[in-house]
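Got your viewer open? Then take this tour with me, one selection at a time.

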Protein chains: 2
Amino acid sequence: MLKTDQSVLDFVDEIKEYLPGNSIDCVVFGFDAQKLKVLLLEWKDEEAWCLPGGFIKNTESMDEAAHRILHQRTGLNSIFLNQFFTFGNTDRYGPKFKDHIKKTQKVLRNKGVSDKKTLNWIASRFITTGYFALVDLRKTHPQPDFFSKSCQWIAIDELPSLIIDHNNIVVTALEHLKVQLNYLPIGISLLPAKFTMQDLQKLYEAILQKPLERSNFQRKMLKLEIFIRLEKQMTGAANKAPYLYSFDTEKYNQLLEKGIGFTY
Amino acid sequence: MLKTDQSVLDFVDEIKEYLPGNSIDCVVFGFDAQKLKVLLLEWKDEEAWCLPGGFIKNTESMDEAAHRILHQRTGLNSIFLNQFFTFGNTDRYGPKFKDHIKKTQKVLRNKGVSDKKTLNWIASRFITTGYFALVDLRKTHPQPDFFSKSCQWIAIDELPSLIIDHNNIVVTALEHLKVQLNYLPIGISLLPAKFTMQDLQKLYEAILQKPLERSNFQRKMLKLEIFIRLEKQMTGAANKAPYLYSFDTEKYNQLLEKGIGFTY
């Protein structure tokens with residue numbers, strides 16, 4: 001267990017380097033052709049689940065901290081993270097927070113941390129900034145950190161109860177994503193290289209959390225002219241086989257710039 | 001000068017109550033029929049301009065802090081504030097920040113503050129959360145606080161050099177507003193009760209920072225069906241007089257819910 005203990009000692013030592021009062025939590029969304037999922041950490045020593053999160057070093061920017069934290073806690077690298085909201089309510093510090101603090105302090109004590117300053121620091125108020133990312137979950141290989149038993153993709157409609165206000169952070173990230181659908185194309189980082197219009201529709205339905213009408217959806221999407229039509233997907237009867245598409249990266253990126261919302 | 005000194009003493013005393021490492025800055029936009037303006041504070045004792053900003057008390061939420069700060073610093077009340085971005089770069093702490101700290105410490109020392117803890121606290125790193133508001137500047141009567149000589153509406157294309165990264169905070173707020181035009185109607189809190197389509201166009205042009213084509217703009221706006229057409233604006237020749245409009249509040253609010261962006 002030397003590795004774990006050293007890591008915990010490192011963590012305690014790092015507290016001196018952290019900016020007080022601020023933390024970061026990452027909501028990493030992936031899509032597995034049916035469901036929108038979020039990357040969660042399952043604690044090693046207590047019954048608890050959380051978003052990959054952490055603190056900001058005095059010497060690093062908040063964006064740098066977000067990338068370091070996501071890497072340290074899940075092994076993920078080169079992820080495009082978007083800041084979406086900063087959570088500063090006092091009700092973050094309700095009974096659920098107190099329970100979380102008790103568990104955290106117990107974990108730290110079990111690992112030999114008795115330093116009062118560290119144990120109190122953990123219990124202080126933090127304003128947390130949420131970052132979200134959209135990733136192709138087939139291409140990522142998340143790994144749990146030393147505090148965690150597992151690092152798993154969990155469907156957003158099957159989330160367990162998360163620590164503090166992390167369920168609310170996921171809900172807010174999803175709301176932000178829904179709003180983005182009003183003015184930005186989406187999908188290039190969530191879908192495989194080849195997909196059917198039905199695959200795309202399932203992604204939008206998973207984010208909007210409502211069914212969409214097939215022909216209307218396809219007509220509107222194809223009108224965006226960001227797709228390359230490929231061969232038919234040969235699975236069943238040839239006459240019913242849907243076309244496969246890929247994104248036209250150049251046109252997709254142009255549309256990211258221009259937007260698909262109301263224009264003046 | 002007793003009032004000022006007492007206020008400064010209160011401020012110093014309040015530092016104990018503040019959450020470390022976090023601050024708030026407010027970008028209040030107003031429109032005066034020609035130009036988009038921002039509410040700025042001009043310092044009393046030094047050549048400096050800033051956004052109305054301040055710190056978060058341990059007992060209050062970030063939203064509550066934003067409202068209290070805006071009220072304390074400008075006298076404005078019941079303003080609808082929207083959180084738009086949290087600024088956590090380390091380059092906030094460049095030469096401009098050092099200059100700002102020197103000025104702040106000088107102001108405090110001149111007011112009799114010698115407490116090292118206070119002077120150092122002011123110089124520490126803060127992550128600041130930006131809030132923006134859209135107000136009818138004819139209805140507001142901003143008042144400078146005890147640190148400020150004046151509280152003024154300044155056109156966004158005529159901003160002075162502001163402290164720290166406040167110019168960047170204004171630019172980011174404006175970018176956020178531009179993005180919102182892709183999916184939300186705007187204007188109800190910025191325009192007078194009666195306005196012409198040309199007034200509305202000027203507002204959009206001020207936010208988008210580019211000229212728009214008149215007939216296209218009018219056609220698209222009228223299609224939103226959120227206006228009530230009133231009498232003609234009688235200023236010159238009757239045949240050229242434009243119609244006045246007001247917002248149909250109910251329909252406007254419905255559209256705020258539904259959005260005007262890309263729908264699925």
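Here is a walk through two chains, with something to click at each stop.

**Before you start**

Keep in mind that this is a predicted model. The predictor gives the complex an ipTM of 0.91 and a pTM of 0.92. For chain A, the mean pLDDT comes out at 91, and 97% of its residues reach 70 or more.

**Stop 1: where the chains meet**

Color chain A and chain B differently and zoom in on the contact. How many residues does each chain bring to it? Chain B gives 38 residues and chain A gives 38 residues. Together the two chains bury about 3,100 Å², with 60% of that on carbon and sulfur atoms. Now select Arg125(B), Phe262(B) and Tyr264(B): on the chain B side these lose the most area to chain A, together 26% of what that side buries.

Next, look at what kinds of pairs cross over. You'll find zero salt bridges between chain B and chain A, but 19 residue pairs are in polar contact. Try showing the chain B side as a cartoon: strand S1 (18-31), strand S6 (127-135) and helix H6 (197-208) are among the elements that each supply at least two residues to it. By class, that side has 19 nonpolar, 15 polar and four charged residues.

**Stop 2: a buried glutamate**

Select Glu46(B), in the loop between strand S2 (36-43) and strand S3 (49-50) of chain B. Is Glu46(B) buried or exposed? With a relative accessible area of 17%, Glu46(B) is buried, because the cut-off for that is under 20%. Show its surroundings and you'll see that Glu46(B) touches Lys103(B), Lys106(B) and Val107(B), leaving aside residues up to four places away in sequence. With Lys106(B), the side chain of Glu46(B) makes a polar contact of 3.0 Å.

**Stop 3: two unusual backbone angles**

Most residues other than glycine have a negative phi. Now click Ile164(B), which has a positive phi of about 45° although it is not a glycine. Ile164(B) sits in the loop between strand S7 (148-155) and helix H5 (166-180) of chain B, and counts as buried at 13% relative accessibility.

Then jump to Glu225(B), another non-glycine with a positive phi, this one about 55°. You'll find Glu225(B) in the loop between H7 and strand S8 (227-232) of chain B, and at 56% relative accessibility Glu225(B) is exposed.

**Stop 4: salt bridges**

Side chains of opposite charge can pair when their charged atoms come close. Over all chains, the structure has 22 salt bridges. Start in chain A with Glu158(A) and Lys35(A), whose side chains meet in a salt bridge of 2.9 Å, N to O. Why does this pair tie together parts far along the chain, 123 residues apart in sequence? Glu158(A) lies in the loop between strand S7 (148-155) and helix H5 (166-180) of chain A, while Lys35(A) lies in the loop between strand S1 (18-31) and strand S2 (36-43), so the bridge links the two loops. Add Asp157(A) to your selection: Lys35(A), Asp157(A) and Glu158(A) are linked in a network of salt bridges.

Now switch to chain B and pick Lys35(B) and Asp157(B), which form a salt bridge with the closest N and O atoms 3.4 Å apart. Lys35(B) is partly exposed, at 30% relative accessible area, whereas Asp157(B) is exposed, at 55%.

**Last stop: a helix lysine**

Finish on Lys102(A) in helix H3 (residues 95-110) of chain A. Lys102(A) counts as exposed, at 64% relative accessibility.

How values were computed. Residues numbered from 1 in each chain as written. Chains lettered and ligands numbered in written order. Predicted model: local features only at pLDDT ≥ 70, side-chain atom pairs only at ≥ 80, totals over all residues. Heavy atoms only, no water. Contact = heavy atoms within 4.5 Å. Buried area = accessible area lost by both parts, 1.4 Å probe. Salt bridge = Lys/Arg side-chain N within 4 Å of Asp/Glu carboxyl O. Polar contact = N/O pair within 3.5 Å; in protein donor to acceptor, adjacent residues only side chain to side chain. Helix = DSSP H or I, 4+ residues; strand = E, 2+ residues; numbered from the N terminus. Nonpolar A, V, L, I, M, F, W, Y, C, P; charged D, E, K, R; others polar. pLDDT = per-residue confidence, 0-100. Buried < 20%, exposed > 50% of the residue type's maximum accessible area, 1.4 Å probe, protein only.
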